[in-house]
Amino acid sequence: MIIIGLGNPGEKYENTRHNVGFMVLDKLSKSWKRGPNYLYSDINIFGEKVRLVKPTTYMNLSGEVFKYLPHDDIIVVYDDLDLPLGRIRIRKNGSAGGHNGIKSIISFIGQDFPRIRIGIGPKPQDIDAADYVLSNFSREEFEKLEKVIELTIEAIESIISEGIDKAMNKYNSATV
C-alpha cells in the first residue's frame, strides 16, 4: 500500500491549505528518506507495510511520481476547496474536480484510484482560488484542521483494516 499526500515543497508552502495532504503524512511519520522525485517513509498500519509518499514536485506535476512508483494499491490524500473545513470525503475513483494535482495524476494513471479529499473551504468570493489555496490557516481554522487530520488518519486506518466501502460509510458523513 502506498499513501500519497499532495502538497507543494518548501517552507513557503508548509502551512498552506494546499498542503493538507503533506500534513496528514507528516502526522503519521516524522522521518523521511529521499526517493528520485519524492520523499518517503515506511510505516506499519495494523501489521500492513505502508509507504507514505510526498512528491517533491509542485502540485500541478504531482503525477510525475508515478514514473517511479507502482499505482495499483494507492490512496491519494489532498485538499478540496468544495468541501467545508471539518469534512472529509472518501471516493473510490472520479474526476479531478478542478484540482491540478489530481489532474496530473489522472494524466499518468487514469482516474480509477482511491482518494481522501480534505475540506479547506469555503473560499471567500473576493479571493482568487489560487491565492486561497496558497494561504495559511487562521489560528481557529488550524485548531479545527488538527482534528480533521486525526479524522483522516482514522479513515486511512479504516480503509486498510475494513476496506474502502466500510470506510466510506463511516467517514463520508463525519464532521469535526
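Contact, or packing, means heavy atoms within 4.5 Å, and helices (H or I, at least four residues) and strands (E, at least two) are DSSP runs numbered from the N terminus. The model is predicted: local features need pLDDT of at least 70 and side-chain atom pairs 80 or more, while totals for chains, interfaces and linings use all residues. Residues are numbered from 1 along each chain as its sequence is written, and side-chain values use heavy atoms, without hydrogens or water.

Q: What do the buried residues of H5 pack against?
A: Helix H5 spans residues 164-171, and Ile 164, Ala 167 and Tyr 171 are buried there (under 20% relative accessible area, 1.4 Å probe, protein chains only). They lie on the same side of H5 because they cover an arc of only 60 degrees around the axis (taken from the directions from axis to C-beta atoms). An α-helix has 3.6 residues a turn, so residues three or four places apart point the same way. The packing partners of these buried residues are strand E6 (88-91) and H4.

Q: Which exposed residues sit on the face of H5 turned away from its buried side?
A: The buried side of H5 holds Ile 164, Ala 167 and Tyr 171. The face turned away from it carries two exposed residues (over 50%), Lys 166 and Asn 169.

Q: Is Gly 163 buried, partly exposed or exposed?
A: Gly 163 is found in the loop between H4 and H5. Its C-alpha atom is separated by 25 Å from that of Val 65, 98 residues away along the chain. The relative accessibility of Gly 163 is 23%, so this residue counts as partly exposed (between the other two cut-offs).

Q: Which side chain makes a polar contact with the side chain of Ser 41?
A: Ser 41 is part of strand E3 (residues 38-45) and counts as buried because its relative accessibility is 6%. Beyond four places in sequence, Ser 41 touches residues including Trp 32, Val 50, Arg 51 and Leu 52. Its side chain reaches the backbone oxygen of Ser 31 at 3.0 Å. The side-chain partner, in a polar contact (N or O atoms within 3.5 Å, one able to donate a hydrogen and the other to accept it) of 2.5 Å, is Ser 29.

Q: What is the phi of Phe 46?
A: Phe 46 lies in the loop between E3 and E4 and counts as exposed, at 60% relative accessibility. Most residues other than glycine have a negative phi. Phe 46 is not a glycine, yet its phi is positive, at about 50 degrees.

Q: Is the peptide bond from Gly 121 to Pro 122 cis or trans?
A: Pro 122 lies in the loop between strand E7 (115-121) and H3. Most peptide bonds are trans. With omega near 0 degrees, the bond from Gly 121 to Pro 122 is cis.

Q: Which element gives the most residues to the lining of the largest pocket?
A: The largest pocket (an open set of points on a 1 Å grid where a 1.4 Å probe fits, with protein on both sides within 12 Å along at least five of seven lines) holds about 450 Å³. It is lined by 23 residues (an atom within 4 Å of a point), and His 18, Asp 79, Gly 98, His 99 and Asn 100 are the closest to its centre. Strand E5 (74-84) and helix H3 (129-133) each give two or more residues. With five residues, the element that gives the most is E5.

Q: How much space lies in the second largest pocket?
A: Its lining has 20 residues, with Glu 14, Phe 22, Met 23, Asp 26 and Lys 54 nearest the centre. Helix H1 (20-28), strand E4 (48-55) and helix H4 (139-162) each supply at least two of the lining residues. Taken as the space filled by probe spheres set on the points (joined across faces, edges and corners), the volume is about 370 Å³.
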